[in-house]
Amino acid sequence: MYQKPKGTRDLFGKELRRLEAMNSAARSFFGRNGYEEIRTPSFEFAALFDRSIGATTDIVEHEIYKFEVSKKLYALRPEGTASVLRAFIENRIALPARFLYICSMYRRERPQKGRYREFEQIGIELLGESKPFFDAEIIDQAKRYLDLIGARDYTIELNSIGCQDCRSEYREKLREELKADIPKLCDDCRRRFEKNFLRIFDCKKETCQAVYDRVPKISDNLCTECAEHYAQVTEYLNKFGICYAENKKLVRGLDYYTRTVFEFKHGGLGAQDTIIAGGRYDLLMKELGGPDTPCTGWAMGPERLLLTIPEDLPALNAKEIFFIAGMGERFVGDIVALRNQIQDGGHVCMVGDPGESIKAQVRKANRVGAKYSIIYGEDEEREGYYTVKNMDSGEQRKIPKNDFVSFISETKGS
RNA sequence: GUGAGUGUAGCUCAACCGGCAGAGCAUUGGACUGUGGCUCCAAUGGUUGGGGGUUCAAGUCCCCUCACUCACCCCA
């Protein structure tokens, strides 16, 4: 028996409907906010991600699916931002630009709760706006979207990790501060400090956290411009009426972030509790060879979000289902014509095997959730009507063939 | 890449110290010949994830392997 690769899923039924409901809600909500959907290739040249995410991050080092064809090295995209910026630059799109993407991403990690090797991301990118207002605005939009689809009990955490100048200055300060404590830190943290020093604050070990609790934080060591920017972001968030918590230990895993970073988290998700993460990345566009352009954006993990939302997501318009039970092979022509008529009227219609007993067919009608069973056999043919059984009430009506069109259209709205 | 846990019928799970592989639900048929759901009766359903070993005897103990789950790492 064939099996799907580790970390992938077959999506169907309720799960896929819920996911698709989120996607269409995102398209219409962010569409109303001026975001235009963009779809970039599932794979890019691998170098794009080295440059954007950071060549020393774990994602680039061993989580990307890479493959070489005709001496060219490709990579399945592990995230969306790099591709969107590449597309923006390559297609010479005008500023300011607002993009929405809904795409599968690929990372070769060990799967666990809320983490897969192929997973969806819904993300927005706002290109060409530098003002703190827009940092706050994309947070506000994320929050309103979550509220719209019925998410509850999430928290918003905010921090600023400054620009390159504040960061390199802070890094030396931190190195001094930590000197005496280095023996207390875990191996991972020592490694982190060399590779991506801010990430030490993400460590889950209490012994490490005890040290970081009393060490100066980057948000208290910003340059004047970054500090002013951060202060204004918090002011705007207050004006928007958004509840958030400042988390001085909040950092991001990707290299390209500057100044504002934020996460939306949800308890009850286990270890992977971040449902939305993003921030400002003013340097990346230039880094990728484009015009010097300030940008903000975030990405959401819809699978994780769905884990937090109770079953009854605002349903897509539930269609009424018809089921035709024909009483013998010789009615196939009539049955098919009737099926077409019902489907042309915009309804869902399934047909039973006319060779099966009426009992077996009505049972199947029940099983597929049919609202109406239509029985057609010798009596109906002779006298020119359809027997229509309402599967909820059990009530049964004879509807003359000539009246059937109006029956169909009446049924539509109910 | 590292660690822990779990794999028994389509699904959810039993099976004592190693001693004939079981139940509920689902499926199919019947009671009810052209009428589903509810009830009752019956039937079908298994190389106990796979391979090897120990033993008179392995679902059970040992080794290997595969898959899933959770956590570390990392991240949406």
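A polar contact is taken here as a pair of N or O atoms within 3.5 Å; within protein, one must be able to donate a hydrogen and the other to accept it, and residues adjacent in sequence count only if both atoms are side-chain atoms. The model is predicted, with local features needing pLDDT of at least 70 and side-chain atom pairs counting only at pLDDT 80 or more, while totals for chains, interfaces and linings use all residues. Residues are numbered from 1 along each chain as its sequence is written, chains are lettered from A and ligands numbered from 1 in the order in which they are written, and side-chain values use heavy atoms, with hydrogens and water left out.

Turning to the RNA, 52 residues surround strand B, and Arg107, Arg115, Arg192, Arg199 and Lys204 come nearest (a residue is near a strand if one of its heavy atoms lies within 4 Å of it). Of the atoms of RNA strand B within 4 Å of the protein, 56% belong to sugar and phosphate.

Individual contacts fill in the picture. A side-chain N or O atom of Arg107 lies 2.5 Å from a sugar or linking oxygen of RNA strand B. Phosphate oxygens of the strand are approached by a backbone N or O atom of Ala271, at 2.8 Å, and by a side-chain N or O atom of Arg367, at 3.2 Å.

By class, the surface near RNA strand B comprises 24 charged, 14 polar and 14 nonpolar residues, where Asp, Glu, Lys and Arg count as charged, Ala, Val, Leu, Ile, Met, Phe, Trp, Tyr, Cys and Pro as nonpolar, and the others, Gly among them, as polar.
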